[in-house]
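Reader: I've got a structure open here and would like to go through it with you, piece by piece. Can we start with the strands and then move on to the helices and a few odd residues?

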Amino acid sequence: QEMRKYLWDRNFTEVETPMLQSVAGGAAARPFVTHSNALDCQFYMRIALELYLKRMLVAGEDRVFEIGRVFRNEGLSRRHNPEFTMLEAYCAYGDFETMADMVEEMTCQLAEKFCGGLQIEHKDEEGNALRTINLQRPWKRANYHDLIKGVAGDDFFDIPAGARRNKCVELGVQISEKLADSEVVQQVFEKKVEEHTFDPCFVTRVASELVPLAKVTPGGKTVEVYELIINGQEISPGYSELNDPDVQRERLEHQAGGEEEQEIDHDFIETLENGMPPAGGIGIGIDRLIMMLTGAPTIRDVVLFPLLKKK
């Protein structure tokens with residue numbers, strides 16, 4: 001409710017978008033599949049809120065958000081549950097920087113109201129102090145490539161792709177043969193940087209292949225995004241949203257060839273052809289945010305009914 005109030009006070013309109021979608025879009029993830037008896041066709045449980053909220057921008061709503069369940073038919077871990085709660089918000093004429101400022105301010109307000117301050121203490125299972133997360137503003141900003149070079153060596157991006165995979169073995173990072181080179185780099189980032197970053201850090205200038213829905217940095221191979229890392233995991237991504245339909249079609253076609261088989265939402269691209277204003281967008285994993293604020297060690301501690309096998 002506090003997050004809703006924060007957005008309402010800034011003239012965001014809350015909407016509801018379909019959970020059953022004809023194309024699973026807005027993220028690279030494996031969907032749950034279901035069937036409509038009435039229409040006799042296949043649908044997917046949504047893996048993101050993004051594409052329908054952007055349709056709202058095209059329709060003339062300058063500031064929109066939604067809080068709701070999303071579903072990904074993937075693994076379970078201490079920070080992954082196949083269904084989880086996501087906040088996504090989009091602001092016309094914003095960009096990734098304005099959205100970073102917004103999520104930073106919102107998170108600090110939550111911490112001050114519910115945790116009594118900006119120092120969040122985490123304890124181990126025995127109740128001993130484990131670490132203290134410092135949310136004092138301003139939060140750190142760091143370049144994606146620079147962070148990876150810091151753990152993998154300055155020459156990591158200069159060596160051939162095959163040698164880069166060998167380097168991953170040396171670093172203790174397991175790599176699937178199906179992964180594209182950009183996904184190999186992302187695995188190194190997740191295992192050697194993300195999991196060891198506890199105080200807030202906005203990671204910027206991410207490779208364009210990883211974020212096909214974000215605007216490309218002028219003259220570069222990166223995109224205008226941040227990935228907010230707190231407590232060893234991504235809490236929130238934020239973009240300067242891509243609104244060129246031709247570039248968007250090309251980027252989605254490239255993504256469709258990745259490890260996860262992806263369909264292209266041609267209706268969404270047609271919607272962009274009607275004209276979407278420049279915009280900033282954010283996603284916030286509510287469950288992970290609550291893990292950080294409460295010191296919960298696993299996502300199962302903040303989900304009332306986590307997915308489990310039957311006895």
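Author: Sure, and keep in mind that this is a predicted model. A handy way in is Tyr239, whose bridge partner in β13 is Gly281.

Reader: OK, so how many bridges join β12 to β13, and which way do the two strands run?

Author: Strand β12 covers residues 233-240 and strand β13 covers residues 279-285. They run antiparallel, and the number of bridges joining them is 3.

Reader: Which helices pack on the sheet, and what angle does α3 make with β11?

Author: Helix α2 (residues 50-58) is one of them: it touches β5, β6, β12 and β13, and its direction makes about 25° with that of β6. Helix α3 (residues 96-114) packs on the sheet too, touching β6, β9, β10, β11, β12 and β13. The angle between the directions of α3 and β11 is about 10°.

Reader: Zooming out, which strands stand at the edges of the sheet?

Author: The sheet is open, with 8 strands and mixed pairing, in the order β1-β5-β6-β13-β12-β11-β10-β9. Two of the strands each have a single partner strand, so one side of each is left without a neighbour in the sheet. Those edge strands are β1 (13-14) and β9 (140-143).

Reader: Let's take the β1 end. What stands opposite Glu14 in β5?

Author: β1 and β5 run parallel and are joined by 2 bridges. Opposite Glu14, in β5, you'll find Phe65.

Reader: And the next pair along, β5 and β6: how many bridges, and what stands opposite Val70?

Author: This pairing is in the antiparallel sense, over 9 bridges. As for Val70, the residue standing opposite in β6 is Phe84.

Reader: Now the helices. Why does α4 count as roughly perpendicular to α6, and at what angle do they cross?

Author: The axes of α4 (residues 144-152) and α6 (residues 181-193) come within 10 Å of each other. Angles of 65 to 115 degrees count as roughly perpendicular. That puts α4 roughly perpendicular to α6, with a left-handed crossing. The angle is roughly 65°.

Reader: Which residues meet there, and how do they divide by class?

Author: From α4 come Tyr144, Leu147, Ile148 and Val151, and they meet Val185, Gln186, Val188, Phe189, Lys192 and Val193 in α6. By class, the residues of this contact come to 8 nonpolar, 1 polar and 1 charged.

Reader: How does α5 lie against α6, roughly parallel or roughly perpendicular?

Author: Helix α5 (residues 161-171) has an axis that comes within 10 Å of that of α6, and they cross at roughly 20°. Here too the crossing is left-handed. Angles under 35 degrees count as roughly parallel. So the two helices are roughly parallel to each other.

Reader: What about the residue classes in that contact?

Author: Ala161, Arg164, Arg165, Cys168 and Leu171 on the α5 side meet Asp181, Val184, Val185, Val188 and Lys192 on the α6 side. The split is 6 nonpolar, no polar and 4 charged residues.

Reader: On to single residues. Is Gln233 buried or exposed?

Author: Gln233 is in strand β12. Not counting residues up to four places away in sequence, Gln233 touches Arg79, Glu194, Leu228, Arg288 and Met291. Its relative accessibility is 0%, so Gln233 counts as buried.

Reader: And Leu76, buried or exposed?

Author: Leu76 sits in the loop between β5 (63-71) and β6 (83-92). Beyond its neighbours within four places in sequence, Leu76 is in contact with Pro82 and Leu307. With 52% relative accessibility, Leu76 counts as exposed.

Reader: I always check backbone torsions. Where is the cis peptide bond?

Author: Look at the loop between β8 (129-134) and β9, where Pro138 is found. Omega is about 0° for the bond in question, which joins Arg137 and Pro138.

Reader: Which residues other than glycine have a positive phi?

Author: One is Asn11, in the loop between α1 (2-8) and β1, with phi at about 65°; at 64% relative accessibility, Asn11 counts as exposed. Another is in strand β10, has phi near 60° and counts as partly exposed at 30% relative accessibility. So the two to look at are Asn11 and Arg205.

Notes: Residues are numbered from 1 along each chain as its sequence is written. This is a predicted model: local features need pLDDT of at least 70, side-chain atom pairs count only at pLDDT 80 or more; totals for chains, interfaces and linings use all residues. Side-chain values use heavy atoms; hydrogens and water are left out. Axes are lines fitted to C-alpha atoms, for helices over the stretch in contact, and angles run from 0 to 180 degrees between N-to-C directions. Helices (H or I, at least four residues) and strands (E, at least two) are DSSP runs, numbered from the N terminus. Angles under 35 degrees count as roughly parallel, over 145 as roughly antiparallel, 65 to 115 as roughly perpendicular and the rest as oblique. A crossing is left-handed if the near helix is turned anticlockwise from the far one by less than a right angle, and right-handed if clockwise. Contact means heavy atoms within 4.5 Å. Ala, Val, Leu, Ile, Met, Phe, Trp, Tyr, Cys and Pro count as nonpolar, Asp, Glu, Lys and Arg as charged, and the others, Gly among them, as polar. Buried means under 20% relative accessible area, exposed over 50%, partly exposed in between (1.4 Å probe, protein chains only). Two strands pair if DSSP finds at least two bridges between them.
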